[in-house]
Amino acid sequence: MKVKPEQIIPLYEYPRPQFERSSYLCLNGIWRYAFSNSDSRLQEMDGNIVVPYSPESRLSGVNRQLQKDQFLHYCRYFKLPDGFFKGRLILNIGAIDQRCRIYINGHFVAQWNFGYIPISVDITKYIVQYDNNEIYIVVYDDADSEVFARGKQAYKRGGIWYTAISGIYQTVFLESVPKNYLRNIKITPEFDNQIIKFDLDCVGELRNINFDIYEENKLIQTIVSKNGESISFRFHSIHPWTCEDPFLYDVKIRYSNDEISTYFAMRKFSVLNVDKFKYFALNNKPILMKGVLDQGYFYDGIYTPKFYKDYLKDIKLAKALGFNVLRKHIKIEPYRFYYYCDKLGMIVWQDFVNGGAKYKKSYIYLRPFFNFNVDDLDYKKLGRANEKSRIQFYKEMNLTVATLYNCPCIGLWTIFNEGWGQFDSEQATEVLKTLDQTRLIDSASGWYDQGAGDCNSKHVYFKTIRIYNDYKRVLSLSEFGGYSLYIKDHSFSKKSFGYKKMYNSDELSDEIYKLFVSEVKHAICHQGLSAYIYTQLSDVEDEVNGFITYDRKVIKVDIDKIKSANEALDKIFYVKFNHSST
């Protein structure tokens, strides 16, 4: 029986459905690796590593922590298949944590300092087409860095801080393109005007670009961009994207001999004013955003799932529980995660990844519980005294928006979370608005609110949910709950971290149900609450407050009971809203 590539090459599927070519050579699989105290090229390596899993993970086959004074070296050879080369060769790497230098056949080709952003580099002039070609990558990673984004990684893991990863943790692949090719595209829906707009980034001679737009596999329009100029198309009528009906239009693009497949959705995220309150809206209609915190960690791959379908299972579980939002917490996922959310109708609240100096416990953990606020122009208090870290954050913001702009599911950006590396949130909000006017903004999730953005965003743990609306922005309960249940043989360690301890599945389900239909209900009815995000979808290391265990083998709650709680709140919200609107 013939063995399929996906049976021997991890995460073999094309990783970028938002910008897909038929030209594809996946370089995941066995590479050589070494840990070294030097960044100079090594003559001998330590052994084999399975890419794209970080060396700290079980799936990598290494299971070893890279330290901040070490360098991680990668090497592998590849040969281009017959007929693959079309004029240019592009090397793509989904993500490398944290900084790297890339060499092809001994030649330096690129340096990258953004651990959560894809790398794409033209390596054509360094290729020996008919022989084995060498990729050599040197990685440096400091999980304590105050300059670069690090997320929730920590060398001393525990509680809400997790195992630090390093190196390649998303798919590596080659694609070949003609000399004239489309490097990038920016797709903007103008819902009210029923217009879709395409902004193009072309390489080579400027020529006409053809767009074929399909609705349910039927060609509905062909439009032509003259010499790569921006182009728009106005619909006679549109099929909106919603959580219940996540409709996507398909697009085929032809530029010279370059062909790309992509898609878009006609949808709009905004804020409605009703009586004295403000509410979130999807397509100009009020929506109760019912969410769950999603960290995106996996017990065997840490930052990276064993299969892409593991993302799909998580999203489907959240839908089955009655949620319509995943808050992607302090992490950027591969494109396929967002594609599945686009297809399944799951709204994503996307956090920017935090950085800054080591956080002071008195500011991060204690002050918020005593209702102390902090002016985030005081850079030292919240870990941003280093000017380089502030400059780096804005670079990361720009690249994050550019990377994820074409994902219809993303409805809201969270700039800062619980004061972690927070600074200048008012200015950061204004900068973000210039980068993306199609999405909502939560400037400071949890605390240290400076009055910016679209949300008055609150976190409530350990106490009764009683939050008050400032009437200026949408009231959002952006974290709460965190009820824990330790499941023996399905937990990461013997430690059990959570915000309220439960002893069996029935108790956990009952207490979450009560929390929703009493305290959250009260906030919807009396405070104008428009969104809530429960902590959390899955256990993560010592945190055992998920709906499902870290190994994804045990669902810890009664799915129907949690779904019924969400449906009850949905009904209350829409009855209340319709009553208010009349």
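Begin by selecting lysine 395, which counts as partly exposed at 44% relative accessibility. This residue is found in helix H4, residues 387-404. The structure on display is a predicted model. For a sense of scale, add lysine 494 to the selection: the C-alpha atoms of lysine 395 and lysine 494 are 40 Å apart in space, and the two residues are 99 apart in sequence.

**The nonpolar cores**

Next, select Leu91, Ile137 and Tyr532. These residues have the most contacts inside the largest nonpolar core, which has 148 residues. Helix H6, residues 505-527, supplies the largest share of this core, with seven residues. Now keep tyrosine 532 alone and display its surroundings. Among the residues that tyrosine 532 touches are Leu288, Met289, Phe323, Leu477, Phe516 and Ile524. A second, separate core of 25 residues may be found by selecting Ile187, Ile196, Leu200 and Ile238, which are included in it. In soluble globular proteins, nonpolar side chains tend to be buried together.

**Aromatic rings**

The model holds 53 aromatic pairs. Select tryptophan 161 and tyrosine 359, a tilted pair with 6.2 Å between the ring centres and 45° between the planes. Tryptophan 161 lies in the loop between strands S11 and S12, and tyrosine 359 in the loop between strand S27 and helix H3, so the pair ties together parts that are 198 residues apart in sequence. Tryptophan 161 is buried at 18% relative accessibility, and tyrosine 359 is buried at 15%.

Move on to phenylalanine 337 and tyrosine 338, whose rings are edge-to-face, 5.0 Å from centre to centre, with 85° between the planes. Phenylalanine 337 is buried, with a relative accessibility of 1%; tyrosine 338 is buried as well, at 0%.

For a larger group, select Phe198, Phe211, Phe233, Phe235, Phe247, Tyr249 and Phe264, which form one aromatic cluster. Then centre the view on tyrosine 405. Lysine 186 lies over the face of this ring, 4.8 Å from the ring centre. The charged end of arginine 439 also sits over the ring of tyrosine 405, 5.6 Å from its centre.

**Cysteines**

Select cysteine 407 and cysteine 409. The sulfur of cysteine 407 has its closest cysteine sulfur in cysteine 409, at 5.6 Å, which is too far for a bond. Cysteine 407 is buried, at 1% relative accessibility, whereas cysteine 525 is partly exposed, at 30%. The count of disulfides in the model is zero.

**Salt bridges**

The whole structure contains 30 salt bridges. Select aspartate 570 and lysine 290, whose side chains meet in a salt bridge of 2.8 Å, N to O. Aspartate 570 lies in helix H7 and lysine 290 in strand S25, so this pair ties together parts that are 280 residues apart in sequence. Both partners are buried: aspartate 570 has a relative accessible area of 19%, and lysine 290 one of 7%.

Turn next to helix H5, residues 425-435, where lysine 433 and glutamate 430 lie three residues apart, about one turn of the helix. Their side chains meet in a salt bridge of 3.4 Å, N to O. Lysine 433 is partly exposed at 37% relative accessibility, and glutamate 430 is partly exposed at 45%.

Then select aspartate 449 and arginine 473, a salt bridge whose closest N and O atoms are 2.6 Å apart. Aspartate 449 is partly exposed, at 22%, whereas arginine 473 is buried, at 7%. Finish the tour with Arg16, Arg21, Glu175 and Asp258, which are linked in a network of salt bridges.

Terms used: Residues are numbered from 1 along each chain as its sequence is written. This is a predicted model: local features need pLDDT of at least 70, side-chain atom pairs count only at pLDDT 80 or more; totals for chains, interfaces and linings use all residues. Side-chain values use heavy atoms; hydrogens and water are left out. Rings of Phe, Tyr and Trp (its six-membered ring) pair if their centres lie within 6.5 Å; planes under 30 degrees apart count as stacked, over 60 as edge-to-face and the rest as tilted. Helices (H or I, at least four residues) and strands (E, at least two) are DSSP runs, numbered from the N terminus. Buried means under 20% relative accessible area, exposed over 50%, partly exposed in between (1.4 Å probe, protein chains only). A charge sits over a ring if NZ of Lys or CZ of Arg is within 6 Å of the ring centre and within 35 degrees of the ring normal. A nonpolar core is a set of buried Ala, Val, Leu, Ile, Met, Phe, Trp, Tyr and Cys residues joined through side-chain atoms within 4.5 Å. Contact means heavy atoms within 4.5 Å. A disulfide is a pair of cysteine sulfur atoms within 2.5 Å. A salt bridge is a side-chain nitrogen of Lys or Arg within 4 Å of a carboxyl oxygen of Asp or Glu. Lists of a residue's contacts leave out its neighbours within four places in sequence.
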